[in-house]
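Reader: I am new to this structure and would like a guided look at it. Could you take my questions one at a time?

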Amino acid sequence: MADAAPVDDLVVEDLHVRYGKVAAVNGVSLKVRRGAVVAVLGANGAGKSSTLNAIAGNLRASISGRVTLLGGAVAGLRAHAIVQKGMALVPEGREIIAPLTVEENLLLAGYGGRAGSEEPRLLADVYDMFPILSERRHTPGGMLSGGEQQMLAFGRIIMVNPQVVLMDEPSMGLSPRMVDFIMRSIRKISQRGLTILLVEQNANAALQIADYVYVLDRGRVVQEGAAADLRSDTGIAETFLGLKSHAPA
Ligand SMILES: Nc1ncnc2c1ncn2[C@@H]1O[C@H](COP(=O)(O)OP(=O)(O)OP(=O)(O)O)[C@@H](O)[C@H]1O
Ligand SMILES: [Mg+2]
C-alpha cells in the first residue's frame, strides 16, 4: 500500500495578538506536520510566547486568526477544552507545583488530561524515559534542579497524553550539557508519535533537532525552511538570531 499523504496536525493562519496598543503577533501562519518537530526561533520579545499561548487558548488578550488542530477549528476555545482535543503546552518557566512531590505532579497532570485507563502505562513510560524522576518520585518538585524540573514538565505532558505538544523555551536557564539532554529528550518524545511545536531563543540547540523552522521577528515570520538549510545559512543565523558561525576556539 502506498504511504498516506502527509497530514498537518496543527495549522495556524494569520494569527494576531494585541495587548492593548502593543501588537505582539502580526499575522503569523505556520504548519506542523504529524510527527514533525517544528521550531519557532526568535529573539527576546519576538512574540514567541504570545504565539504559543494564543494557540493553546492560554492568553487573555485580543486574538484573531484561525487555528486548526487535528482537522478541527480550536481558535477561541479555552485551554482546558483544547487539551481535551489533543494539544498541550509546556509553558515558559515550567510551572510545576513546587510543594507537591514528583509523582503527585505527574498524577495531577494525568488527571486533567486524556490518559484515562492508560495512566499507569504512561507513568511507567515517564520513569523509563527519565529514571532520575523515578528515583526522586517522593521529592517535592520545588527541590529539583532546573534540568530535573524540565524533565518533570515533559513528564507531565506525557501524562496528559496529547497528540500535539507546544513547548516554550525548554532550554531556558540550563547548562549546555543539560540543554543537550533536554533536546535529545524532545526527540524521544517525538518518537512516541507526538507532533511538536517548539519555541526557542537557543537557535543552535533547536536547529539540532528540528525538522522545519520558522524565524520570528517583531511578531512576523521573516524566514522559514528545512532546519538543514537554515543550519548552513549563517547570514540568517547572524541577522535574526544573534548567532555566530562555529569558529574553532
Ligand atoms: N501581558 C502583556 N502585556 C503587554 N505586553 C506584553 C505582554 N506580554 C508580552 N508583551 C509584549 O509582547 C511582545 C512579545 O512578547 P512575547 O513574550 O510573546 O515574546 P517572546 O518572543 O516570548 O520573548 P522571550 O524570548 O523574552 O520569552 C513584547 O513586546 C512584550 O513586551
Ligand atoms: Mg517567551
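**Sheets, helices and a ligand**

Author: Gladly, and let us begin with a helix on a sheet. In this predicted model, helix α7 (residues 176-191) lies across β3, β7 and β8. The angle that α7 makes with β8 is about 160°.

Reader: In what order do the 6 strands of the open sheet stand?

Author: The pairing in this open sheet is mixed. β6 (87-90) and β10 (220-226) each have a single partner strand, so one side of each is left without a neighbour in the sheet. The twist averages 15° from one strand to the next. Read across, the order is β6-β7-β8-β3-β9-β10.

Reader: Which residue of β7 stands opposite L89?

Author: β6 and β7 run parallel and are joined by 4 bridges. Within β6, M87 and L89 point one way while A88 and V90 point the other way, and all are buried. The residue of β7 opposite L89 is L166.

Reader: On the β8 side, which residue does L166 stand opposite?

Author: Strand β7 (residues 164-168) also runs parallel to strand β8 (residues 195-200), with 5 bridges between them. Leaving out residues up to four places away in sequence, L166 touches L52, I55, A56, M87, L89, V90 and L197. The one that stands opposite L166 in β8 is L197.

Reader: At what angle to β7 does α1 run?

Author: α1 lies across several strands: β3 (37-41), β6, β7, β8 and β9 (212-217). This helix is mostly covered, with 8 of its 8 residues buried. Those residues are K48, S49, S50, T51, L52, N53, A54 and I55. Relative to β7, α1 runs at about 150°.

Reader: Which element gives the most residues to the shell around ligand 1?

Author: There are 13 residues around ligand 1, and Y19, A24, K48, S49 and S50 come nearest. By type, the shell divides into 4 nonpolar, 7 polar and 2 charged residues. β2 (22-33) and α1 (48-55) each supply at least two of them. The element that gives the most, with 3 residues, is α1.

Reader: What phi does G57 take, just after α1?

Author: G57 comes just after the end of α1. Its phi is positive, at about 75°.

Reader: Which strands stand at the edges of the open sheet of 4 strands?

Author: The order in this sheet is β2-β1-β4-β5, and the pairing is antiparallel. An edge strand here has a single partner, so one of its sides is left without a neighbour in the sheet. The strands at the edges are β2 and β5 (72-73).

Reader: In β5, which residue is the bridge partner of L69?

Author: Strand β4 (residues 62-69) and β5 pair in the antiparallel sense. Their pairing is made over 2 bridges. The partner of L69 in β5 is G72.

Reader: Is L70 buried, partly exposed or exposed?

Author: L70 lies in the loop between β4 and β5. Its phi is positive, near 50°, in a residue other than glycine. Most residues other than glycine have a negative phi. With 17 other C-beta atoms within 10 Å, L70 falls short of the 20 needed to be buried but has over 12, so it counts as partly exposed.

Reader: And is N161 buried or exposed?

Author: N161 is found in the loop between α6 (146-160) and β7. Phi is positive at N161 too, near 65°. With 21 C-beta neighbours inside 10 Å, N161 reaches the cut-off of 20, so it counts as buried.

Reader: Which helix supplies the largest share of the largest nonpolar core?

Author: In soluble globular proteins, nonpolar side chains tend to be buried together. The largest nonpolar core here has 69 residues, and those with the most contacts inside it are A39, V165, L166, I196 and L198. The largest share of this core, 8 residues, comes from α6.

Reader: How far apart in space are G155 and L106?

Author: G155 is found in helix α6, where 26 C-beta neighbours inside 10 Å make it buried. Leaving aside neighbours within four places in sequence, G155 is in contact with L106, V126, F130 and L133. G155 and L106 are 49 residues apart in sequence, yet from C-alpha to C-alpha the distance is 6.6 Å.

How values were computed. Residues are numbered from 1 along each chain as its sequence is written. Chains are lettered from A and ligands numbered from 1 in the order in which they are written. This is a predicted model: local features need pLDDT of at least 70, side-chain atom pairs count only at pLDDT 80 or more; totals for chains, interfaces and linings use all residues. A residue is near a molecule or strand if its C-beta atom, placed from the backbone, lies within 6 Å of it. Ala, Val, Leu, Ile, Met, Phe, Trp, Tyr, Cys and Pro count as nonpolar, Asp, Glu, Lys and Arg as charged, and the others, Gly among them, as polar. Two strands pair if DSSP finds at least two bridges between them. Axes are lines fitted to C-alpha atoms, for helices over the stretch in contact, and angles run from 0 to 180 degrees between N-to-C directions. Two residues are in contact if their C-beta atoms, placed from the backbone, lie within 7 Å. A nonpolar core is a set of buried Ala, Val, Leu, Ile, Met, Phe, Trp, Tyr and Cys residues joined through C-beta atoms within 7 Å.
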